[in-house]
Every structure is written in structure tokens, then in C-alpha cells.
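Me: I would like to go through this structure by way of its side-chain pairings and its nonpolar packing, one question at a time.

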Amino acid sequence: TDIAVFDGRGMVIRETTHKFSPLSKNRSMIGVRWPVLASSLGRAFFCFSSKQTQRSILQVLRASEDPADRLARDDSYVTNLIKNTRHNGYAQSVDETVSGISSIARPVCYGDQVVAAINLVFFSSAMNTTTAAGKYLDAMNAVIAELEQNLIDNSDGLHQQLTETFV
């Protein structure tokens, strides 16, 4: 499981349980940047963000030379991604960022603004994303609710910082 924030170019992992898992292939995940439209973390952040934030992110991605950001130039792909992700209630990635690895992700919000995303990472051979969501989405949502409440309880200056960052 990872928690990541958008840094203007991608999703950067700020905390992870990889370092504690004997099954993890990558134990040093903190600071790793994942693409917005090709990772469950990025998709959760992007798809559940406001239309204004989505437009701003797409503008940056469309100007990028990174091959992972090319998806931003496909309006049909982006529209379907948002529609399907919102319909499912979570983002998913299957063998897209790392072969043999799948994940599901949900946004973390401060009020009506997405500020981070959290995922659950698993071997693609162990289960599919629908099974993972059925088994673990309630637990993920409980953790997210706790994180969001902590943001509210400790929000001195956070609203000002978010307004300056995303508007």
C-alpha cells in the first residue's frame, strides 16, 4: 500500500508499506514517481478531481515528452477513464506500471478537493481488481475516512496552501 501526492508532473509516493512486506519486489518506494494516467494512484487522483483540476493536469501532461503522458492526448481515452473509474468508485491498474502487479486506488480528499491517493498493491496472479475491491475497498475507505478527518482536525494553513497550489 502506498500513499502519494501529485507534484505537478506525476504521483510521488510519500509513504508505503512495501518496506515492511517480505513479498514486495521494491522496498524503497518513497519518492518514486508514477504517471498520472497509467497508474492507479494517478488515476484515482485525476478522475476524482474537479474538472478544473483535470483540465490543468491534462494541459501539463499534453505538453510532456514522457511517453507515459501521451495518453493525455487521447480525449476518448481520458473521457472513458474518468467515466469508468467514477462508475467503479476506484481506480485500477493491471500490469501497466510493473509487469505482474495490479492495484486499486481511491482518492484522499480535503473537503471537495483531492489531495492524495492511496492504493492497495497485489500480484496480478493472486486476484483480479474486482475481487480486490470486493475484499478490501471497505477497509481502504475506512482508512481514507480517518486520513480525511485528520486533515480536517489539523488543517491550520492547509486550505490556503491548497488554494494556491491547485487554482
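Me: Does Glu96 count as buried, partly exposed or exposed?

Reply: This is a predicted model, in which local features need pLDDT of at least 70 and side-chain atom pairs count only at pLDDT 80 or more, while totals for chains, interfaces and linings use all residues. Residues are numbered from 1 along each chain as its sequence is written, and side-chain values use heavy atoms, leaving out hydrogens and water. Buried means under 20% relative accessible area, exposed over 50%, and partly exposed in between, with a 1.4 Å probe and protein chains only. Because the relative accessibility of Glu96 is 41%, Glu96 counts as partly exposed.

Me: Which residue meets Glu96 in a salt bridge?

Reply: A salt bridge here is a side-chain nitrogen of Lys or Arg within 4 Å of a carboxyl oxygen of Asp or Glu, and for Glu96 the N to O distance is 2.6 Å. Glu96 lies in the loop between β4 (91–94) and β5, and its partner, 53 residues apart from it, is in helix α1, where helices (H or I, at least four residues) and strands (E, at least two) are DSSP runs numbered from the N terminus. The partner is buried, with a relative accessible area of 5%, and it is Arg43.

Me: How far apart are the closest N and O atoms of Asp7 and Arg33?

Reply: These residues link distant parts of the chain, with Asp7 in the loop between β1 and β2 and Arg33 in strand β3 (residues 33–34). Asp7 is partly exposed at 32% relative accessible area, and Arg33 is partly exposed at 37%. The closest N and O atoms of their salt bridge are apart by 2.3 Å.

Me: Which two residues form the aromatic pair?

Reply: Rings of Phe, Tyr and Trp (its six-membered ring) pair if their centres lie within 6.5 Å, and planes under 30 degrees apart count as stacked, over 60 as edge-to-face and the rest as tilted. A search of the whole structure finds 1 such pair, stacked at 5.4 Å centre to centre with 20° between the planes. It joins strand β1 (residues 2–6) to helix α1 (residues 40–47), and its members, both buried, are Phe6 and Phe45.

Me: Which element gives the most to the largest nonpolar core?

Reply: A nonpolar core is a set of buried Ala, Val, Leu, Ile, Met, Phe, Trp, Tyr and Cys residues joined through side-chain atoms within 4.5 Å. The largest has 25 residues, and those with the most contacts inside it include Leu41 and Phe46. With 5 residues, the element that gives the most is α1.
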